[in-house]
Amino acid sequence: MSETLERWQSRRAFILAVTGAAVGLGNIWRFPYMTGENGGSAFLLLYVVFVVLLGLPMMMAEIMIGRAGRRSPMQALAFLAEEADISRHWKWLGLFGAITVFFILSFYSVVSGWSIEYLVSAVNGSFVNRSPQEIGASFDAFLADPLRMTFNHTLFMLLTMSVVAAGIVNGIEKLNNVMMPLLYGILIVLGGYAVTTSGFGAAMHWLFTPDVSAITWGVVLNAMGHAFFTLAVGACALMAYGAYMPDEQSLPRAVFGVAMLDIMVALLSGIAIFSIVFTHGLDPSEGPGLMFVTLPIAFSELPGGQVWLGAFFLLLLIATWTSSINLAEPMVSMLVGAGWRRSRAAILIGGLVWLVGLLSVLSFSTLADVHWIGEMNFFALVSTIPPDIFLPVGGLLIAIFAAWKMSREAAVAALGVSPGAFRLWLGLVRYVSIPLTAVVLVTSLI
Ligand code: TRP
């Protein structure tokens with residue numbers, strides 16, 4: 001099995017793949033709206049702290065396991081458990097990760113479908129000379145239309161699964177090479193525009209003046225979950241990518257660069273979106289629709305705004321595409337590892353995810369008031385519990401396996417660092433990342 005595994009063609013390809021997995025809706029859509037709902041600067045501060053203390057070391061742990069196992073996540077865990085002569089039940093962690101990405105992908109595809117809709121609307125000039133109220137109303141009208149949403153969700157699942165079915169290494173490498181730099185370019189233009197708006201000062205104040213009084217356990221849990229989500233850590237999805245990593249590459253260096261870029265992209269879109277929010281007196285805690293209302297408003301004021309807006313949604317679509325491919329990979333590689341043909345595995349998984357995604361589609365119309373837990377409808381449930389609870393639990397187990405359970409030699413070799421740096425990483429995971437994650441999880445759930 002391990003000999004037949006694909007390999008990224010270069011170090012750059014691996015970095016781009018992990019960047020493609022990390023940068024997506026989490027940065028551009030979820031980060032601003034979560035920040036808005038969780039009191040602004042308090043959330044931002046905690047998120048950065050969690051990325052550094054938990055996200056980074058656990059990201060290394062996860063990729064390292066994949067690279068040491070050189071198999072699909074479940075098989076890699078089983079193989080490494082056997083090697084270290086510990087319980088083979090660790091392999092179920094791979095299944096838990098697959099379940100987590102299953103639910104995440106089901107809503108991710110629906111929201112990515114919104115970008116397809118907005119790409120088409122922008123190109124058609126639907127937002128030209130519209131008032132902010134009209135733009136808000138057109139988003140609500142779109143959400144209330146399950147057929148249009150299903151159409152876009154279907155299209156997005158087809159895009160994702162066709163690349164996954166073809167084998168990800170070739171597919172993703174090509175996509176990432178061209179598209180990611182373009183996306184950053186547009187975000188920088190958008191940031192530049194934000195500086196000129198009257199709400200820029202208020203946005204900066206709101207984002208960067210720490211307000212400790214706004215910190216509650218709920219905010220802490222959300223910020224921790226978001227750190228995992230945005231780095232794509234905790235569901236064995238990066239483990240699947242680690243299996244394809246070239247031998248000679250430095251893992252910490254690759255991971256560090258990706259994490260910094262990921263924070264930069266989130267900050268840039270946060271600054272842009274909140275400048276627009278404050279300029280137009282919109283509500284920062286508007287929720288999942290935040291980006292889809294603010295950006296058309298901003299671009300409708302820029303010269304050539306429709307072109308910029310169209311380009312933005314096109315690039316966002318590509319960023320979400322490379323993320324959703326990563327979300328699908330652990331499920332598909334699990335079946336491939338069990339002897340399935342890749343294309344069949346992709347069709348089955350894609351079909352099931354699509355089906356469950358319909359519940360998210362309907363959560364904005366027919367099923368809006370069907371509550372599953374507390375006040376949460378299906379969309380609220382799947383966009384909260386898997387990212388905020390399943391990912392930290394998965395990350396915790398991955399870290400325990402990497403830092404306490406697997407063979408030390410295998411870990412050193414796969415991490416590819418000097419003995420001193422290895423001890424630093426090990427100490428950080430054992431005595432900071434693991435206890436901190438456990439404490440936050442347990443306390444905030446109580
Ligand atoms: N990080 C991606 C984003 O920010 C989402 C994502 C991709 C993800 N792969 C993942 C989240 C694996 C959890 C696990 O949009």
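**Close-up 1. The ligand and the backbone around it.** In this predicted model, a backbone N or O atom of A22 lies 2.9 Å from an oxygen atom of the ligand. G26 offers another polar backbone atom, 2.8 Å from a ligand oxygen. A ligand nitrogen takes part as well, at 3.0 Å from a polar backbone atom of A21. How much of the ligand's 370 Å² does the protein bury? The answer is 100% of the area that the ligand exposes when taken alone. In total, 15 residues surround the ligand. The closest are A22, G26, Y108, F229 and N326.

**Close-up 2. F229 and the charge over its ring.** F229, one of the residues closest to the ligand, also has a charged partner. R30 lies over the face of the F229 ring, 5.0 Å from the ring centre. A second arrangement of this kind can be found elsewhere: R71 lies over the face of F79, and here the distance to the ring centre is 3.9 Å.

**Close-up 3. Helix α10 and the residue that follows.** Helix α10 covers residues 217-231, which makes 15 residues. From its first C-alpha to its last, α10 reaches 21 Å, close to the 21 Å expected at 1.5 Å a residue. Is this helix enclosed or open to the outside? Of its 15 residues, 13 are buried, so α10 is largely enclosed by the rest of the structure. Just after α10 comes A232, with a positive phi of about 65°. A232 has this positive value although it is a residue other than glycine. You will find A232 in the loop between α10 and α11, the latter being residues 237-242. With a relative accessible area of 15%, A232 is buried.

**Close-up 4. R70, in the loop between α3 and α4.** R70 is not a glycine, yet its phi is positive, at about 45°. This residue sits in the loop between α3 and α4 (73-84). Is R70 buried or exposed? Its relative accessibility is 10%, so R70 counts as buried.

**Close-up 5. An aromatic pair between helices α2 and α3.** Across the whole structure, a search finds 30 aromatic pairs. One of them joins F31 and F43, whose ring centres are 6.4 Å apart and whose planes meet at 40°, a tilted arrangement. F31 belongs to helix α2 (residues 25-37) and F43 to helix α3 (residues 41-69), so the pair ties together parts that are twelve residues apart in sequence. Both F31 and F43 are buried.

**Close-up 6. An aromatic pair between distant parts of the chain.** The ring centres of F96 and F390 are 5.5 Å apart and their planes lie at 50°, so this pair is tilted. Which helices does it link? F96 lies in helix α5 (residues 92-123) and F390 in helix α17 (residues 385-405), and the two residues are 294 residues apart. F96 has a relative accessibility of 23% and therefore counts as partly exposed. F390 is partly exposed too, with a relative accessible area of 23%.

**Close-up 7. Helix α5 along its length.** Helix α5, home of F96, has 32 residues. The helix reaches 46 Å from first C-alpha to last, close to the 46 Å expected at 1.5 Å a residue. Most of α5 is covered, with 25 of its 32 residues buried. After α5 comes G125, whose phi is positive, near 75°.

Methods:
Residues are numbered from 1 along each chain as its sequence is written. This is a predicted model: local features need pLDDT of at least 70, side-chain atom pairs count only at pLDDT 80 or more; totals for chains, interfaces and linings use all residues. Side-chain values use heavy atoms; hydrogens and water are left out. Rings of Phe, Tyr and Trp (its six-membered ring) pair if their centres lie within 6.5 Å; planes under 30 degrees apart count as stacked, over 60 as edge-to-face and the rest as tilted. Helices (H or I, at least four residues) and strands (E, at least two) are DSSP runs, numbered from the N terminus. Buried means under 20% relative accessible area, exposed over 50%, partly exposed in between (1.4 Å probe, protein chains only). A charge sits over a ring if NZ of Lys or CZ of Arg is within 6 Å of the ring centre and within 35 degrees of the ring normal. A residue is near a molecule or strand if one of its heavy atoms lies within 4 Å of it. A polar contact is a pair of N or O atoms within 3.5 Å; within protein, one must be able to donate a hydrogen and the other to accept it, and residues adjacent in sequence count only if both atoms are side-chain atoms. Accessible areas come from the Shrake-Rupley method with a 1.4 Å probe; for residues, only the protein chains shown count as cover. The expected span of a helix is 1.5 Å times one less than its number of residues.
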